[in-house]
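Here is a short report on one protein structure. Look at the charged side chains first, then at the sheet.

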Amino acid sequence: MLGVFSSSIVSPPEELVAAGSRTPSPKVSADKLVGRFVERNSSAVSVQIGDDVKLAYTHFKESALRPRSFAVKDEIFCLFEGALDNLGSLKQQYGLAKSANEVLLVIEAYKALRDRAPYPPSHVVGHLEGNFAFIVFDKSTSTLFVATDQDAKVPLYWGVTADGCLAFADDIDLLKGAVGKSLASFPQGCFYSTDIGELKSYENPKNKITAVPAKEEEIWGAKFMVEGPSMIAATK
């Protein structure tokens with residue numbers, strides 16, 4: 001799955017921007033990145049939302065344990081990969097039909113977060129049990145919400161394109177040749193919301209997250225770490 005967002009939606013993390021400027025490395029525009037995704041993946045579907053958001057996904061080569069899904073409801077777009085162990089109880093909690101899947105559940109959970117303020121985002125994601133990564137974009141409010149599970153069983157990466165867009169993808173090879181050294185693993189057990197404007201751990205929401213610059217020879221630009229008694233590693 002792939003999500004690309006212009007700077008009018010989200011400002012890329014300064015640490016990734018700095019890493020991308022540190023060493024000359026290949027970068028491409030957001031349009032070319034989406035084009036590469038479609039070319040490389042059979043039966044890929046891409047969605048353009050206005051001038052600032054591009055989403056794409058495919059079932060090509062997906063894991064049976066980590067299926068990908070996409071849904072739109074009430075101008076809320078969601079890409080989801082993985083499976084929730086407590087989907088049944090969550091569907092009851094949110095009043096969803098028995099036929100509802102994970103991607104519809106995440107949309108409903110996001111709507112609860114948006115409409116029942118103050119409702120801590122850490123509670124919404126913290127209630128999800130299983131292996132997952134998701135990207136939510138609310139067109140009505142231009143809000144981006146991204147999260148991964150606590151064990152990073154579903155990998156997610158992010159980086160900055162040549163034209164300054166922030167890109168998220170589950171395919172590291174796709175991003176390697178597209179965002180240069182402005183590449184990092186999205187930290188496990190964390191979420192990013194443009195409403196909050198920063199990266200947060202949903203297990204330890206009060207703990208600051210620090211980006212540690214990677215070594216020059218590594219493909220990464222930075223590694224994001226959740227600060228705590230012993231600087232918890234947020235990435236593998």
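A salt bridge is a side-chain nitrogen of Lys or Arg within 4 Å of a carboxyl oxygen of Asp or Glu. The model shown here is predicted. A search of the whole structure turns up 10 salt bridges.

## Salt bridges

The table gives three of these pairs.

| Pair | Closest N to O distance |
|---|---|
| K73 and E108 | 3.3 Å |
| R114 and D115 | 2.8 Å |
| D173 and K176 | 3.6 Å |

Start with K73 and E108, whose side chains meet in a salt bridge. This pair links distant parts of the chain. K73 sits in strand β4, residues 68-73. E108 sits in helix α4, residues 102-115. The two residues are 35 residues apart.

Is E108 buried or exposed? E108 counts as buried, because its relative accessibility is 16% and the cut-off for buried is under 20%. K73 has a relative accessible area of 32%, so it is partly exposed.

Next comes the salt bridge between R114 and D115. Here R114 is partly exposed, with a relative accessibility of 28%.

The pair D173 and K176 lies within a single helix, α6, residues 172-176. Three residues separate the partners, about one turn of the helix. D173 has 47% relative accessibility and counts as partly exposed. K176, at 36%, is also partly exposed.

Some salt bridges share partners. Which residues do they join into one network? The network consists of R66, R68, E81 and D170.

## The sheet

Now turn to the strands. Six of them form an open sheet, in the order β4-β5-β6-β7-β11-β12. The pairing is antiparallel. Which strands are at the edges? They are β4 and β12, the latter spanning 198-201. Each edge strand pairs on one side only. On average, neighbouring strands of this sheet are turned by 15° against each other, direction ignored.

Look at one pair in detail. Strand β6 covers residues 130-138, and strand β7 covers residues 143-148. They run antiparallel, and six bridges join them. A133 has its bridge partner in β7, namely T148.

Helix α4 packs on the sheet. The helix touches β4, β5 (76-84), β6 and β7. Its direction makes about 125° with that of β5.

This brings back the salt bridge between K73 and E108. K73 is in β4 and E108 is in α4, and α4 touches β4 as part of its packing on the sheet.

Terms used:
Residues numbered from 1 in each chain as written. Predicted model: local features only at pLDDT ≥ 70, side-chain atom pairs only at ≥ 80, totals over all residues. Heavy atoms only, no water. Helix = DSSP H or I, 4+ residues; strand = E, 2+ residues; numbered from the N terminus. Buried < 20%, exposed > 50% of the residue type's maximum accessible area, 1.4 Å probe, protein only. Pairing = 2+ DSSP bridges. Axes fitted to C-alpha atoms, helices over the stretch in contact; angles between N-to-C directions. Contact = heavy atoms within 4.5 Å.
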